[in-house]
Amino acid sequence: MQFFEKLSRFQPQLLAALRIITALLFIEHGTQKLFGFPASQMEGSLPPMLLVAAILETVGGILVLIGLFTRPVAFVLSGLMAFAYFMAHAPKSFFPVLNGGDAAILFCFVFLYLVAAGPGAFSLDAKRR
């Protein structure tokens, strides 16, 4: 038990690692839609709702990555992921593993956690304080 108590002193740094890795993975979803990178099977112009989602994923992901306005941005992105899950994934199947929505659920709840926990270490929000 003492090991885990000692490990808790690294909580701000581990929270920052969660924030940064989540943001990097999230940004990929936006850049894939907007720029076709990483390579995507999507072709042509995006429908308006998907374009808005792609912009939020890219810009919001960058803001979370650098830890700027983390709480309000994470709140918006959490809602975006909940909306995306119920609009795009849930109608395909009840089970997330079958409807491809497991990433949307994880993003939703990680962002919701960031709303409550804040950005952790290595953030512009912490520097602004």
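**Helix packing and a salt bridge**

Modeller: Helix 2 passes helix 3 in a left-handed crossing; helices (H or I, at least four residues) and strands (E, at least two) are DSSP runs, numbered from the N terminus. The model is predicted, so local features need pLDDT of at least 70 and side-chain atom pairs 80 or more, while totals for chains, interfaces and linings use all residues. Residues are numbered from 1 along each chain as its sequence is written, and side-chain values use heavy atoms, without hydrogens or water.

Colleague: Why is the crossing of helix 2 and helix 3 called left-handed?

Modeller: Because the near helix is turned anticlockwise from the far one by less than a right angle; clockwise would be right-handed.

Colleague: What makes helix 2 and helix 3 roughly antiparallel?

Modeller: They pack at an angle of about 150°, with axes 8 Å apart. The axes are lines fitted to C-alpha atoms, for helices over the stretch in contact, and angles run from 0 to 180 degrees between N-to-C directions. Angles under 35 degrees count as roughly parallel, over 145 as roughly antiparallel, 65 to 115 as roughly perpendicular and the rest as oblique. Helix 2 and helix 3 are therefore roughly antiparallel. Their contact (heavy atoms within 4.5 Å) includes Ala 23, Ile 27 and Lys 33 of helix 2, and Ala 54, Glu 57 and Gly 61 of helix 3.

Colleague: Why are helix 2 and helix 6 called oblique?

Modeller: Helix 2 and helix 6 (residues 102-117) pack at about 140°, with axes 11 Å apart. That angle falls in none of the named ranges, so helix 2 and helix 6 are oblique. Among the residues in contact are Leu 15, Thr 22 and Phe 26 of helix 2, with Phe 107, Phe 111 and Leu 114 of helix 6.

Colleague: How do you know that Lys 33 and Glu 57 form a salt bridge?

Modeller: The closest N and O atoms of Lys 33 and Glu 57 are 2.7 Å apart. A salt bridge is a side-chain nitrogen of Lys or Arg within 4 Å of a carboxyl oxygen of Asp or Glu, so the pair qualifies. Lys 33 is in helix 2 (residues 11-35) and Glu 57 in helix 3 (residues 48-66), so the bridge links distant parts of the chain, 24 residues apart. The structure holds one salt bridge.

Colleague: Are Lys 33 and Glu 57 buried or exposed?

Modeller: Both are buried (under 20% relative accessible area; exposed is over 50%, partly exposed in between, with a 1.4 Å probe and protein chains only). Of the 129 residues of the chain, 33% count as buried.

Colleague: How many helices and strands does the chain have?

Modeller: Seven helices and zero strands.
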